[in-house]
Amino acid sequence: MRSEAWDEAHAAAEAAHVRLRPLTSIQDADAILRVMIATWGNHQLLPREEILALAESGNVPWGAEAEGETIGYVLGWAGIDPEDGLHVHSHMLAALPDRRHRGIGFALKLAQRAACLDQDIHLIRWTFDPMIARNAWFNLGKLGATADRFRRDFYGDMADSLNAGERSDRLVVRWDLDRSPGPRPRPEVVRAEVAVPREYDALRTSDPGAASAARERVADALDTSFAAGNIVVEFDGQRATYCLAQEALG
């Protein structure tokens with residue numbers, strides 16, 4: 001399991017003060033469920049037997065462990081796309097609430113990347129809510145992915161503690177694994193820019209009407225720009241703004 005990709009993953013884990021390991025046992029599945037419940041509440045949990053079936057079929061979840069406890073995980077499965085061919089769809093990435101924003105998610109994504117490359121898979125996709133600026137920066141800035149699809153109300157109504165009452169708009173991420181993780185160069189020509197509230201969660205609480213209007217504005221702007229052939233190539237964290245261009249660079 002020694003490769004440059006694994007060296008990067010383990011270095012990130014060391015910086016986050018965790019240890020990476022594959023999650024394959026019943027006990028590991030229970031640990032995933034504990035983190036899952038702490039993150040999304042007790043709604044529509046992925047059954048333990050499905051977690052074990054994923055591991056058995058080669059779609060092994062990876063965990064972040066500290067002091068003998070699994071405090072975060074990343075989970076996905078191999079898929080086939082008419083455009084992409086073989087890739088991994090990364091469905092969940094989570095850490096316990098009191099352990100977030102410490103580099104654990106970054107280490108877990110690098111572990112997922114290294115495991116994919118071991119299997120000769122060179123692309124990972126996942127979805128995220130375009131209104132959450134911190135996730136946009138993590139996905140597009142820190143990891144250096146792009147977003148080449150937008151799906152309005154992708155999941156329909158959701159009842160978990162993070163998404164209840166929200167329209168489930170999602171950007172679809174494309175992470176090319178042969179490229180080293182990290183920010184992409186700023187494109188020379190930006191075709192469109194779409195700003196989002198810097199703290200959307202706080203806006204939802206303080207002014208639900210303004211939050212709903214902001215979501216509609218962002219969805220309309222993304223629909224228009226994607227229809228014109230653009231993709232999201234960068235997220236400007238200082239301005240909380242998506243930059244869209246005709247194609248990814250670098």
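Here is a short dialogue on reading this predicted model.

Q: Which helices and strands should I look for first, and how many are there?
A: A good start is to count the elements of secondary structure. In this protein chain there are seven helices and ten strands.

Q: How compact is the protein chain for its length?
A: One way to judge is to set the radius of gyration beside the globule rule. Here the radius of gyration is 18 Å, close to the 18 Å that the rule gives for 250 residues, so the chain is as compact as a globular protein of that length. Its C-alpha atoms fill a box of roughly 45 × 40 × 35 Å along the principal axes.

Q: What share of the residues is buried?
A: Buried means under 20% relative accessible area. By that cut-off, 51% of the 250 residues are buried.

Q: Which residues touch the most others in the largest nonpolar core?
A: That core has 74 residues, and Met36, Tyr73, Leu171, Leu222, Val232 and Tyr242 touch the most other members. Helix 4 (residues 104–118) gives the core its largest share, nine residues.

Q: What does Tyr73 touch?
A: Leaving out residues up to four places away in sequence, the partners of Tyr73 include Trp40, Trp62, Met92 and Leu108.

Q: How many contacts join residues at least 24 apart?
A: Take the contacts between residues at least 6 apart in sequence: 67% of them join residues at least 24 apart.

Q: What about the surface and the charges?
A: The accessible surface comes to about 12,000 Å², and 50% of it belongs to carbon and sulfur atoms. The chain has 28 positive and 38 negative side chains, and the centres of these two sets lie 3 Å apart.

Terms used: Residues are numbered from 1 along each chain as its sequence is written. This is a predicted model: local features need pLDDT of at least 70, side-chain atom pairs count only at pLDDT 80 or more; totals for chains, interfaces and linings use all residues. Side-chain values use heavy atoms; hydrogens and water are left out. Helices (H or I, at least four residues) and strands (E, at least two) are DSSP runs, numbered from the N terminus. The radius of gyration is taken over C-alpha atoms; the globule rule is 2.2 Å times the number of residues to the power 0.38. Buried means under 20% relative accessible area, exposed over 50%, partly exposed in between (1.4 Å probe, protein chains only). Contact means heavy atoms within 4.5 Å. Accessible areas come from the Shrake-Rupley method with a 1.4 Å probe; for residues, only the protein chains shown count as cover. Lys and Arg count as positive and Asp and Glu as negative; His and the chain ends are not counted. The place of a charge is taken as NZ of Lys, CZ of Arg, CG of Asp or CD of Glu. A nonpolar core is a set of buried Ala, Val, Leu, Ile, Met, Phe, Trp, Tyr and Cys residues joined through side-chain atoms within 4.5 Å.
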